[in-house]
Amino acid sequence: MSLSMTDIVGNEKLRKHLCNDILAETPSHAYILSGPAGSGKRTIAMMYAAALACENKGIGGYALPCCRCQSCRKILEYKSPDVLITEKDGASVKAEQIRDIQQSVSVVPNELDHKIYIVENAETMTNQAQNALLLTLEEPPSYVVFFLLCEAEEKLLETVKSRAPIFRTEPIRSDLIRNFLLEKSDDAKKLAANNPSELDAIISISNGSIGRAIELIDEKTRLPFVNQRNSAALFVNYALSKDTVRLTELIISLPHKQDELIPTLTYVQTALRDLCVLKKSENTELCFYSDREAAIEKAYSVGLAAIMALYNKVEDAKNTLSRNANMKLTLTNLIASINS
Ligand SMILES: [Zn+2]
């Protein structure tokens, strides 16, 4: 599946701004891209790197970047020595990692006219790391462009934020994700023809993330998510209708592993959130249910207070589980609290 800057869906303003910077040959030395996971931050930064280096840049008829020339391909296949990605080490981006960047910044690019540094999860940089980065951001060599990608730019020091324009990426609307998948992916086309409800489910599960949607089109990646989602849908049905027997059977049958159980409970909450917002407006974007009519019916079959109460009980169980509490006991307590 090949992409170019014009294929980046959503985030139009940001895209235009970056394209203009490239064509006017006035790239900033640093950009902060802030937005939820999967909203295209890494893709935008990689596209920007390719666009800077693209051999067909500025030639009429070519998208920016063309994604075909040797420079574009090398960058987008993660093979360019001049596009350097830093990911967090454990829970944070550490000062040593930033010091490595500092040292490499002074070495001129290998093949390209620019060196692009992409720092993922920049909000996890320790204060020490951010202060180290500041030194580089103050006076970077002219060939350097930084992309600081973060989910919460509030966690960046004011001094760092003042060094770079901040752009916010937004979750992508489900109709845009659908169009994109149908245009770009043969697997998505097949799914649309053979199993349209599964495609609807993928779009809902991907929750505004094109990257996630592309991953989930692959059946192997999708299966655990589909299972978790199906369990969550049943959970909501049984819990809201107080079908104690089936709810208990279901909960007992859930995988007793924290990393599978917590996502299932998160889906339960996403479904409950859908039901809450449907009570306020029937036209709102849904994150869990792909069958809007059925979801509306469900939303009206139960009171808001009951939905909220269930949401909070699930939240409590999730919090307890994430503290590595006894899983069986937590689930038993959850069943008891729902039945009370
Ligand atoms: Zn190109």
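This is a quick tour of some aromatic pairs and one charged patch in a predicted model.

Okay, housekeeping. Numbering runs from 1 along each chain as its sequence is written, and side-chain values use heavy atoms, with hydrogens and water left out. Local features need pLDDT of at least 70 and side-chain atom pairs 80 or more, while totals for chains, interfaces and linings use all residues.

Aromatics, then. Rings of Phe, Tyr and Trp (its six-membered ring) pair if their centres lie within 6.5 Å; planes under 30 degrees apart are stacked, over 60 edge-to-face, and the rest tilted. That rule gives seven aromatic pairs. One of them is Y31 with F147, stacked at 5.1 Å centre to centre and 20° between the planes. Y31 sits in strand β1 (residues 30–34) and F147 in strand β4 (residues 144–150), 116 residues apart; strands here are DSSP E runs of at least two residues, helices H or I runs of at least four, numbered from the N terminus. Both rings' residues, Y31 and F147, are buried, meaning under 20% relative accessible area, with exposed over 50% and partly exposed in between (1.4 Å probe, protein chains only). Y31 and F147 also join Y48 and F167 in one aromatic cluster.

Next, Y267 and F288: centres 6.1 Å apart, planes at 55°, so that pair is tilted. Y267 is in helix α13 and F288 in the loop between α13 and α14, 21 residues apart. Y267 and F288 are both buried.

That same loop, between α13 (258–280) and α14 (292–300), holds E282. At 36% relative accessibility, E282 is partly exposed.
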